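Here is a short tour for anyone meeting this protein for the first time. Keep the picture open while you read, and look up each residue as it comes along.

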Amino acid sequence: MRGDRCPAVDRADVLLYDVWMHGDADRGREMVARLLADYVGKPIVLTAPGFAPDWPELSGPGVAVVEGAPTRQGLVEAIESARRSLVA
């Protein structure tokens, strides 16, 4: 995502993103903010393998966070939670 929308993301039912993928909090927070702005109404599940940062964006509608090592069950629950919070 270098400033353009991604056709694969446009077609996705849910977005899954590791907040620490870029290795630092500032770049991760910037990417999360862009995802939330560009894909309003699409559920977003954010993984935080070590610990979840304390960003206000992480508690918005359609957003769920999986803290620690993600498991299949944890991801399924997070996706369901993110989807439910969009229709609540």
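## Order of the elements

Going along the sequence, you meet the elements in the order α-β-α-β-β-α. That makes three helices and three strands in the protein. Keep in mind that what you see is a predicted model.

A few addresses will help with what follows. Helix α1 covers residues 7-11, strand β1 covers 15-18 and helix α2 covers 25-38. Strand β2 takes in 44-48, and β3 takes in 63-67.

## Overall shape

How does the radius of gyration of the protein fit with that of a compact globule? For 88 residues, such a globule would come out near 12 Å, and the protein has 12 Å, so the two agree. If you prefer to think in boxes, the C-alpha atoms fill one of roughly 30 × 30 × 20 Å along the principal axes.

Contacts between residues far apart in sequence are well represented: of the contacts with a separation of 6 or more, 57% join residues 24 or more positions apart.

## Inside the protein

Of the 88 residues, 30% count as buried. The largest nonpolar core has 14 residues, and Leu15, Tyr17, Val19, Val32, Leu35 and Leu46 are those with the most contacts inside it. Which elements supply at least two residues each to this core? They are β1, α2 and β2. Apart from this core there is another one, made of five residues, including Val45, Ala64, Val66 and Ala82.

Val19 is a good place to stop and look around. Setting aside neighbours within four places in sequence, Val19 is in contact with Gly28, Val32, Leu46, Thr47, Ala48, Pro53 and Trp55. Now hop over to Thr47, which sits in strand β2. Is Thr47 buried or exposed? Its relative accessibility is 9%, and because anything under 20% counts as buried, Thr47 is buried. Leaving out residues up to four places away, Thr47 touches Leu16, Tyr17, Asp18, Val19, Val66, Pro70 and Leu75.

## Out at the surface

About 5600 Å² of the protein is exposed, and carbon and sulfur atoms supply 53% of that area. As for charge, there are 10 positive and 13 negative side chains, and the centres of these two sets are 7 Å apart.

For a residue on the outside, try Pro61, in the loop between β2 and β3. With a relative accessible area of 62%, Pro61 is exposed. Still, Pro61 has company: beyond its neighbours within four places in sequence, Pro61 is in contact with Ser85 and Leu86. Val87 is 26 residues away from Pro61 in sequence, with 8.9 Å between their C-alpha atoms.

## Two alanines in helices

Ala8 belongs to helix α1, while Ala33 lies in helix α2. Why does each count as partly exposed? The reason is that partly exposed residues fall between the 20% and 50% limits, and the relative accessible area is 46% for Ala8 and 33% for Ala33.

Distances along the chain and in space are worth checking for both. Ala8 and Asp24 are 16 residues apart in sequence, and their C-alpha atoms are 25 Å apart. Ala33 and Leu58 are separated by 25 residues along the chain, with 9.4 Å from C-alpha to C-alpha.

Conventions
Residues are numbered from 1 along each chain as its sequence is written. This is a predicted model: local features need pLDDT of at least 70, side-chain atom pairs count only at pLDDT 80 or more; totals for chains, interfaces and linings use all residues. Side-chain values use heavy atoms; hydrogens and water are left out. A nonpolar core is a set of buried Ala, Val, Leu, Ile, Met, Phe, Trp, Tyr and Cys residues joined through side-chain atoms within 4.5 Å. Buried means under 20% relative accessible area, exposed over 50%, partly exposed in between (1.4 Å probe, protein chains only). Helices (H or I, at least four residues) and strands (E, at least two) are DSSP runs, numbered from the N terminus. Contact means heavy atoms within 4.5 Å. The radius of gyration is taken over C-alpha atoms; the globule rule is 2.2 Å times the number of residues to the power 0.38. Accessible areas come from the Shrake-Rupley method with a 1.4 Å probe; for residues, only the protein chains shown count as cover. Lys and Arg count as positive and Asp and Glu as negative; His and the chain ends are not counted. The place of a charge is taken as NZ of Lys, CZ of Arg, CG of Asp or CD of Glu.
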